[in-house]
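Visitor: Could you take me through one part of this model slowly, and then show me how it ties in with the rest? I am new to this, so please say what your words mean as you go.

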2 protein chains.
Amino acid sequence: MRIAELSRVSGVPVPTIKYYLRENLLPPGELTSPNQASYGDLHVRRLRLIRALVDLAGVPVAQVKEVLEGLDSDTMSLHDQIGRAHRAITSHRQLTSCTPDTEAAAAQVDALLASRKWTVDSDAPALTTLTETIATMRSLGQEHLADLVNAYADAVEKFTDLEIAAVTANHPTPDQIAESVIIGTILGETLISSLRLLAQESISAHRWHQ
Amino acid sequence: MRIAELSRVSGVPVPTIKYYLRENLLPPGELTSPNQASYGDLHVRRLRLIRALVDLAGVPVAQVKEVLEGLDSDTMSLHDQIGRAHRAITSHRQLTSCTPDTEAAAAQVDALLASRKWTVDSDAPALTTLTETIATMRSLGQEHLADLVNAYADAVEKFTDLEIAAVTANHPTPDQIAESVIIGTILGETLISSLRLLAQESISAHRWHQ
DNA sequence: GTTTATGGATATTGATACTATCCATGGCAG
DNA sequence: CTGCCATGGATAGTATCAATATCCATAAAC
């Protein structure tokens, strides 16, 4: 398959495919002559994955590259690959200020982790985001939202277990599990988010329409 | 309070405040003379909200403006304000192709809405995203993830109910409910996402570390 | 009364994600 | 075998976004 057909099959414009090749998101095709390469099914799959991450999940191209490098590496442990994916979808900020709200939030997060026996790296990017989000909710006068964190965590714990079970049950090789976990992590977020919006819209329609 | 103090109190640089004023994210201060305006507590709060939506939730500035216009309008129903917020946080695509995967996904979504008695506008942006996400999961060979949708929906339904209850129970006026719902919708997403990543990391650490 | 800050307008920057153009070469139709 | 379109590879250009920077006339503070 040459580039024009790859473009046709995947729906991605030729210049964009060239761009992804340049950025090493897509491995080069097999050169059959200095200006002729042949692409295969792997390229079609990879292109689909890239577009899903970029278009649906809104992951920046540079981060998609990181994730794919993790997937392609065969020396990296699954845990590290997942860490890479997590870093790709959270914008790593650092706790800037030490306001009372932030400290209270940090304490709440510590308590949450302890009570659920969640063991996470202390520099996990999601930790900072969670702390900042809770602190911000409080500083915006929405303490009652921050107080829902435990209820959210209950629900989250439930479907994360299901997710991991589904992913590990349906794949024989570690490579396939890795790919599945990464797709589940990133696209799963988009999925949950849309479900939540639909649930909200439905409740809102019943309660507040007209 | 003049602009320098507003900047100091909020931690937002003066040029950025000017930018938000230009873009009408922030209402102008009260002019006390042709080149002197005074800002109040409302501006500090608003600035905090803007930064939370932009930095934490990653909402584009133009969409933040839409959301705030909804909040400031006193003729708009809560349901419409929520719709605005939903549109702000989903990139509205339209179903491009009519592949078998997409049609299967659309059917699955219809069945889901029916079985849960969710009534949503047929042009809700989250509908398209949900359909595309399910279709993409299938096209990537992750049918077992797409099959988890019902389990996700269970969990989502649970915490959406809690959220709405918390928000309506703690606020006397419709204006406050609106603000709370919008903050809960948008920041809640960030919150849930970080909780999910933490839960995943914890499970992953136990299962696959080393 | 001089220095500094302000509001308002316009211009510039840096990052991101593509698109477009160019060119030498190679496959292929006639 | 020959003319032309497609290709790989490189470089340059575009659009958008979110700020920053610069100017300027004026007003406030010391």
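Guide: Gladly! A residue counts as near a strand if its C-beta atom, placed from the backbone, lies within 6 Å of that strand. Please keep in mind that this is a predicted model.

Let's start at DNA strand C. It is surrounded by 22 residues, and the closest are Pro60(A), Val61(A), Ile3(B), Ala4(B) and Ala37(B). Look at the chain letters as you find them: Pro60 and Val61 are from chain A, while Ile3, Ala4 and Ala37 are from chain B. The elements behind this surface can be picked out too. From chain A, α2 (14-22) and α4 (61-72) each supply at least two residues, and so do α1 (3-10) and β2 (36-38) of chain B. The largest share, three residues, belongs to α2(A). Sorted by class, the surface near DNA strand C has 13 nonpolar, seven polar and two charged residues.

Now turn to DNA strand D. Around it are 23 residues, of which Ile3(A), Ala4(A), Ala37(A), Pro60(B) and Val61(B) come nearest. Here, Ile3, Ala4 and Ala37 carry the letter A, and Pro60 and Val61 carry the letter B. Two or more residues each come from α1 (3-10) and β2 (36-38) of chain A, and from α2 (14-22), β1 (30-33) and α4 (61-72) of chain B. On this surface α2(B) gives the largest share, with three residues. The classes here are 13 nonpolar, eight polar and two charged residues.

With the DNA in place, let's follow chain A itself. Its secondary structure comes to ten helices and two strands. If you trace the chain from the N terminus, you pass two helices, then the two strands, and after them helices up to the last element. The C-alpha atoms of chain A fill a box of roughly 65 × 50 × 40 Å, taken along the principal axes.

The domain assignment divides chain A into domain 1 (3-88) and domain 2 (103-208). Their centres, taken over C-alpha atoms, are 27 Å apart. Where the two meet, 13 residues of domain 1 of chain A are in contact with 13 residues of domain 2 of chain A. On the domain 1 side, α3, α4 and α5 of chain A each supply at least two residues, and α5(A) gives the most, with six. That side has ten nonpolar, two polar and one charged residues.

So let's stay with α5(A) and see which helices it packs against. One is α10(A): the two axes come within 10 Å and cross at roughly 25°. Because of that angle, α5(A) is roughly parallel to α10(A). The crossing of this pair is right-handed. You can find the meeting point at Leu78(A), Gln81(A), Ile82(A), Ala85(A) and Ile89(A) in α5(A), across from residues of α10(A) that include Ile177(A), Val181(A) and Ile186(A). By class, this contact has ten nonpolar, two polar and one charged residues.

A helix of chain B also packs against α5(A). It is α10 (residues 174-208) of chain B, with an angle of about 165° and axes 9 Å apart. The helices α5(A) and α10(B) are therefore roughly antiparallel to each other. Their crossing is left-handed. On the α5(A) side, look for Leu78(A), His79(A), Ile82(A) and His86(A); on the α10(B) side, the contact includes Leu197(B), Glu201(B) and Trp208(B). Five residues of this contact are nonpolar, four are polar and one is charged.

That pair leads us to the contact of the two chains, which takes 69 residues from chain A and 70 residues from chain B. On the side of chain A, the elements that give two or more residues are α3 (41-56), α5 (78-89), α7 (125-139), α8 (143-146), α9 (149-169) and α10 (174-208). Of these, α10(A) gives the most, with 24 residues. This side of chain A has 36 nonpolar, 24 polar and nine charged residues.

Before you go, try tracing α5(A) once more: it touches domain 2 of chain A with six residues, and it is also among the elements on the side of chain A that touches chain B.

Note on methods: Residues are numbered from 1 along each chain as its sequence is written. Chains are lettered from A and ligands numbered from 1 in the order in which they are written. This is a predicted model: local features need pLDDT of at least 70, side-chain atom pairs count only at pLDDT 80 or more; totals for chains, interfaces and linings use all residues. Helices (H or I, at least four residues) and strands (E, at least two) are DSSP runs, numbered from the N terminus. Ala, Val, Leu, Ile, Met, Phe, Trp, Tyr, Cys and Pro count as nonpolar, Asp, Glu, Lys and Arg as charged, and the others, Gly among them, as polar. Two residues are in contact if their C-beta atoms, placed from the backbone, lie within 7 Å. Domain bounds come from an automatic or database domain assignment. Axes are lines fitted to C-alpha atoms, for helices over the stretch in contact, and angles run from 0 to 180 degrees between N-to-C directions. Angles under 35 degrees count as roughly parallel, over 145 as roughly antiparallel, 65 to 115 as roughly perpendicular and the rest as oblique. A crossing is left-handed if the near helix is turned anticlockwise from the far one by less than a right angle, and right-handed if clockwise.
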